[in-house]
Each structure stands twice: as structure tokens, then as C-alpha cells.
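Biologist: Please take a close look at one packed pair of helices in this model, and then show me what lies around the pair.

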Amino acid sequence: MAKPKTQFICQNCGAVHPRWAGRCDACGAWNTIIEDNPAAGIGGGPARAPKKGRPVALVALDGESEEAPRVESRIAELDRVTGGGFVRGSAVLVGGDPGIGKSTLLMQAAAALSRQGHRVIYVSGEEAIAQVRLRAKRLGASDTAVLLAAETNVEDILATLAEGQRPDLVIIDSIQTLWSDMAEAAPGTVTQVRTGVQAMIRFAKQTGAAMVLVGHVTKEGQIAGPRVVEHMVDAVLYFEGERGHHYRILRTVKNRFGATDEIGVFEMSDIGLREVANPSELFLGERNDKAPGAAVFAGMEGTRPVLVEVQALVAPTSLGTPRRAVVGWDSSRLSMILAVLEAHCGVRLGNHDVYLNIAGGYRISEPAADLAVAAALISSLAGLALPADCVYFGEVSLSGAIRPVSHAAQRLKEALKLGFSGACLPAGSAEVATQKTGGLNELSALPDLVVRIAG
Ligand code: TYD
Ligand code: MG
């Protein structure tokens, strides 16, 4: 028999290398490559006769539903992120740092679904039944009919799930604890995680259950991260938040049944996660609007507008090379704004340290925040507070022009709703907003709305 070929697989991204290396070329992670044998022991079994399939029409026939059948949790923030509920027969991956609150969120989702009469099985590979029960009690979920199982072996889990009634929703917490008799690799390796996830997806497809898979984001790469199975599942959600802050954001990264870029916002409490229906109020809650260096950015997260405060501190430096520190935004984007301010506006910050922070530990990825950042920087340098009733958005180009951004009307509406009466925005966006709202109907209804057009 031929000697089985060994391969070296990066436990962070799943890239295959012919030999061991300290650093993975594909993802740049250090110390994540370990010997792993993807072919060993998978498959086998008796040969299967081919089954004849039949291609079907692209357009659904009369009587066939075009909508994906869903199980709704009626937790609005969760349903928004999944695109209207978990889809039957599909698999969703919920990733996040250890301790961020994934198990809490899913236990609450399980309880909510169970209250609506859905059959939910929560398979915990990390905690014993007693621990899960204790959590459920704390979350006020112990009166529900959620079924618990503490298993880690894939074949055992499948046998448990096949027993009794068909579940509507299965939660596997977490994929890193899964191990299968069919794969000859150590538990937690890419091979084991992939084999386990594959088996769970197959179960979901066969039975029509919605499958939720929990995956820890790992820093050291000793166990495989959720990224190695992202391509296998139908939707990927990340649960994120800063450790020191009390709110958490569930973000869609991939969704075959809905929009990406959606977020659900939750607030942590001793009795579990609470929905935050209006995140802008939360992010602007502790605002001191008289301080220099603060600008309110009217941002968008998927279909939803979110207002956050951008804070800048510009101070003379005592170092040879001035410091640039950014939390919640892209540091190369900050360098770009600084360069544009210097080249086109004559604002010299070469002898100043620059610190930039997005309030509340929130993270912005939109280029539309450029204008708010520029405003905050200038305000801090000048030592003058910006008008407290004004929001900012717009992309700054390298030529110094302010470029239009999408969803201007929605951003303005949200600002109005929260009591702002002014906006600093690109000229192009203002025109679009005017058309969209039918001649700034809602907007001009408020006589004191000052739309200051930057351009
Ligand atoms: P847990 O759900 O176990 O995190 P994960 O499954 O992602 O590792 O939550 C971590 C800890 O935080 C746990 O001790 C419970 C606590 N916690 C709260 O007290 N309230 C909350 O609202 C959340 C989300 C967590
Ligand atoms: Mg957990």
C-alpha cells in the first residue's frame, strides 16, 4: 500500500503546504502550520451506485414556493442579521472571540424559538449539561422545551439527532470540539473540524433542520479557526465587541439567503443580551458636545443608519517621529486624511501626535467617515468645538475633493430623528437626498435644518 501522503495545513486559513514553515504564506499567520492528513481515513465505506438526477427549470412552477422556509426567532436584531430567520436545511456559522457571548446569544435564540413551538436541540461540546442548565436558568430560559446534549463525537451527535422527533433547529457549540471516527487527525485540526462541519451540513440538508455552528476565533492557531469552514456554510455571522464595553454587535459577513453588512446590536446584562433597537442613541449616549475634537458621523451598516462619534486628539509631539494611534478605524486611511489636509488645506500636523478613536469601541469600515474624521482633527487642532447639532459624512479623495456617498437620505433622516439640525455632506449626495425624499420633504419640513454643503 502506498504510504499516505502527509501535508501541512495552516490552522488559521486552511492553506496546504508541502512542508512545514513558521509562517503561512497565504494568510501571514505565525506558528499555525501543523502536520495534518486530509485524505487519511475520510470516505471509505461501500461503493455507492450512481443515482440519476433530473435538472429542473430555473423558474419555480406554480405551487412551488420561491421563498426559503425560515424559522424566526422574533428577536428582531437576530432576525435582521440572518435575513428574516434561520433558513431550514441551511447552515449558519457564528464566529467570535472566546468569551464574547456566543453561547449566551444562542441559548437565548434557542429559548425564543422553543417558545414558538419549534423543536430545538442544543449540543454543547464545551460545557457539561449542568453548566448549560445553570446558564439557561440565569437567562430565564429554563422553562422552555429546549433539548440539551453534551457530545463531541460526530457520529454520536448524528445518532442523537436522528433519535426521536426531527429538530427544527440544531445548535452545535462549538465546531472546534467536534471529532469524527472517520478522520484520523487530532481534534481541533482543520481536517477534524471540516469533517465534522460537513457531516452537520449534510444532516441539515437531509432533514431540513436549520443548523447553527459556533466557531471560536483563535489567535494562536493551535486549533482551527472558523475561517477554514466559511466557504462550506450558507451564512457567516460574526459576534464582536470590545471587552471593556457592554454592547455586542452581530454582523453578517456572508449570507446566501439575505443581505450582507447587516448588524444586530445587543447590550450585555447579568440576565443575558438585550436588544438595542436604536444603536445611535447608545453610541451617542455619553456625548460631551462642547469638547473640541468630536464630530458625529452619520454612518450606514447594511440597510440601517448608525450615528457614532469620531473623537480626535491632536497634541504637540515630544518625539522625533510623531505618534499616530487609531482605534476603530483604518490607520492607513487616517494617514491619507492627514496627507490631504496638509497638501490641500495647509493644515500641518507633522509636529503633532494624532490620536483617533471611535466612541464606544465601535468599528467603522466606510470611507464615508473621512469627512467626520477631518472635521474632528481640525476641531482638535484649533481647540474649538464643532457645532453640536451637526452630523458629517462624505468621502475625501486624494485630490482634496469631497465625493458623494450612498444612502444620503437615510443618513439625514436618522440625524433628524435624533435631534440634529445640520449636516455637512458632499454636494452630490445632497442632490440625491433631495430627489429621494421628494424635494427634501421630510427634511425641509424642519425649517432649521441647515444643510451645509461641502465640496
Ligand atoms: P459566553 O456566552 O459563555 O461566551 P462564548 O460562548 O462566546 O465563549 O459568555 C461569556 C461570559 O460572559 C459568561 O461568563 C457570561 C457572561 N455574559 C453575561 O454575564 N451577560 C451577557 O449578556 C453575556 C453575553 C455574557
Ligand atoms: Mg461558549
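Modeller: α4 and α5 are roughly parallel to each other, because of the angle between them. Under 35 degrees counts as roughly parallel, over 145 as roughly antiparallel, 65 to 115 as roughly perpendicular and the rest as oblique. This is a predicted model, in which local features need pLDDT of at least 70 and side-chain atom pairs count only at pLDDT 80 or more, while totals for chains, interfaces and linings use all residues. Residues are numbered from 1 along each chain as its sequence is written, and chains are lettered from A and ligands numbered from 1 in the order in which they are written.

α4 covers residues 154-162, and its axis comes within 10 Å of the axis of α5, crossing at roughly 15 degrees. Helices (H or I, at least four residues) and strands (E, at least two) are DSSP runs, numbered from the N terminus. Axes are lines fitted to C-alpha atoms, for helices over the stretch in contact, and angles run from 0 to 180 degrees between N-to-C directions. The crossing of the two helices is right-handed, that is, the near helix is turned clockwise from the far one by less than a right angle (anticlockwise would be left-handed).

From α4, the residues Val154, Leu158 and Leu161 meet Thr195, Gly196, Ala199 and Phe203 of α5. Contact here requires C-beta atoms, placed from the backbone, within 7 Å. By class, this contact has five nonpolar residues, two polar and no charged. Ala, Val, Leu, Ile, Met, Phe, Trp, Tyr, Cys and Pro count as nonpolar, Asp, Glu, Lys and Arg as charged, and the others, Gly among them, as polar.

α5 (residues 190-207) also lies across β6 (91-96), β9 (169-173) and β10 (210-216), and runs at about 160 degrees to β10. These strands belong to an open sheet of nine, ordered β8-β7-β9-β10-β6-β11-β12-β13-β14, with mixed pairing. The edges are β8 (147-149) and β14; each has a single partner strand, so one side of each is left without a neighbour in the sheet. On average, neighbouring strands of the sheet are turned by 25 degrees against each other, direction ignored. Two strands pair if DSSP finds at least two bridges between them. At the β8 edge, β7 (residues 120-124) pairs with β8 in the parallel sense over three bridges, and Tyr122 stands opposite Leu148 of β8.

Between β9 and α5 runs a loop that holds Ser174. The peptide bond leading from Asp173 to Ser174 is cis, with omega near 5 degrees. Most peptide bonds are trans.

The nine-stranded sheet also reaches the ligand. Around ligand 1 there are 13 residues, of which Gly101, Lys102, Ser103, Thr104 and Met268 come nearest. A residue is near a molecule or strand if its C-beta atom, placed from the backbone, lies within 6 Å of it. Two or more residues of the shell come from each of α2 (102-115), β13 (263-269) and β14 (272-275). α2 gives the largest share, three residues. The shell has four nonpolar, seven polar and two charged residues.

A further open sheet has three strands in the order β2-β1-β3, with antiparallel pairing.

How values were computed
Two residues are in contact if their C-beta atoms, placed from the backbone, lie within 7 Å.
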